[in-house]
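Here are my notes after a pass through the model you sent over. Have it open in your viewer while you read.

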Amino acid sequence: MPTPSEPVGLTTDPPIRVRALGQPDNDQLVDLLLAIPDGEHLFVKHDISRPEAVTAWLNDTTAHWEGAFNGSDLVGAVAVVPGEGWSSHVGELRMVVHPNHRRAGIGACLANEALIEAINAGFVVVTVQALAEQTGVLKLFRGLGFVPEALLTDHVREPNGQLHDLVVLSHSVQAAAERLQLMGETT
Ligand SMILES: CC(C)(COP(=O)(O)OP(=O)(O)OC[C@H]1O[C@@H](n2cnc3c(N)ncnc32)[C@H](O)[C@@H]1OP(=O)(O)O)[C@@H](O)C(=O)NCCC(=O)NCCS
């Protein structure tokens, strides 16, 4: 199993540690995704209502997963999912934090870890998608240097048929590398 990071700069007790997720973390990842309220499943895009669907996603070796651990508990996860064909240089970031552990900085920390992973993996651009009404999520990513690129009207449809506008934000990996280097997060 990968070695956890040094505690990240958060004031939780026990401190949060981030490391790559692998097969042994499958059950905890299933539990984390199943704890996400129904309305938020839209953000994850995959069908996460069944444990076997989560397992298949974790087994998809093209996506790189990182997890945030509070002690031994997985409290947040982020995946960088590569685009296909002519977009294979673009990584899409998908992230969740357990509802009981939000607003403690874990999401921002995981997003930074995902950007470092994207730099190391050779991506050129990282994108993230959020609903236009999720102003808190947009604030989080804008604070990390992501720029809104597109507003796609009615591009998200819930199982009950309700439509939502989708915002696509992107971040140049080069710019992310420079920012993280300035912050001392990378060398
Ligand atoms: C988005 C998400 C991952 C954020 O995780 P988090 O650990 O709560 O985020 P952080 O604590 O790092 O937030 C950092 C900053 O972003 C902003 N922010 C984050 N969530 C916010 C919210 N719900 N409302 C308002 N501002 C918010 C705030 O400025 C916050 O700083 P502050 O708490 O000091 O004010 C979490 O809400 C989640 O899992 N949501 C469901 C899935 C999702 O929407 N994923 C994003 C698209 S892939």
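The points below go through the predicted model topic by topic, from the ligand to a few odd residues.

1. Ligand shell. I'd start here. There are 19 residues around the ligand, and those that come nearest are Arg102, Gly107, Ala108, Gly136 and Leu140. Looking at where the shell comes from, the elements that give two or more residues to it are strand S4 (90-97), helix H4 (106-121), strand S5 (125-131) and helix H5 (135-143). By residue class, the shell splits into 11 nonpolar, 5 charged and 3 polar.

2. The S2/S3 hairpin. Strand S2 (residues 64-70) runs antiparallel to strand S3 (residues 73-82), and the pairing covers 7 bridges. If you want a register check, go to Ala68, whose bridge partner in S3 is Gly76. The turn has 2 residues between the strands, and Gly71 in this hairpin has a positive phi near 65°.

3. On to S4. S3 also pairs with S4, again in the antiparallel sense, over 7 bridges. Here the register can be read from Ala77, which has Val96 as its bridge partner in S4. So S3 has S2 as one pairing partner and S4 as another. While you're looking at the strands, keep the general pattern in mind: side chains in a regular strand alternate between the two faces of the sheet.

4. Helix H3, buried side. Which residues of H3 are buried? In this helix (residues 51-59) they are Val54, Trp57 and Leu58. Viewed down the axis of H3, the buried residues fall within an arc of 95°, so they line one face of the helix. What do they pack against? The buried residues of H3 pack against helix H1 (26-34) and S2, so S2 is involved here as well as in the hairpin.

5. Helix H3, the other side. Turn the helix around and you find Glu52, Ala56 and Asn59, exposed residues on the face turned away from the buried side.

6. The nonpolar core. The largest nonpolar core has 40 residues, and Leu110 and Ala111 have the most contacts inside it. H4 gives the most to this core, with 7 residues. Ala111 is worth clicking on: leaving aside neighbours within four places in sequence, Ala111 is in contact with Val78, Leu93, Met95, Phe141 and Leu144. H4 also turns up among the elements that give two or more residues to the ligand shell.

7. Arg103. This residue has a positive phi, near 60°, and is not a glycine. Arg103 sits in the loop between S4 and H4. Is Arg103 buried or exposed? It has 8 C-beta neighbours inside 10 Å, so Arg103 counts as exposed; the cut-off for exposed is 12 or fewer.

8. Asp154. Here is another non-glycine residue with a positive phi, about 55°. Asp154 lies in a strand, S6 (residues 147-157). Asp154 is exposed too, because 10 other C-beta atoms lie within 10 Å. I'd have a look at the backbone at both Arg103 and Asp154.

9. Gln174. This one belongs to helix H6 (residues 173-182). Gln174 is exposed, since the count of other C-beta atoms within 10 Å is 11. Gln174 and Gly122 are 52 residues apart along the chain, with a separation of 10.0 Å between their C-alpha atoms.

Technical notes. Residues numbered from 1 in each chain as written. Predicted model: local features only at pLDDT ≥ 70, side-chain atom pairs only at ≥ 80, totals over all residues. Near = placed C-beta within 6 Å. Helix = DSSP H or I, 4+ residues; strand = E, 2+ residues; numbered from the N terminus. Nonpolar A, V, L, I, M, F, W, Y, C, P; charged D, E, K, R; others polar. Pairing = 2+ DSSP bridges. Buried ≥ 20, exposed ≤ 12 C-beta atoms within 10 Å, placed from the backbone. Arc of directions from axis to C-beta. Contact = placed C-beta atoms within 7 Å. Core = buried A, V, L, I, M, F, W, Y, C linked by C-beta atoms within 7 Å.
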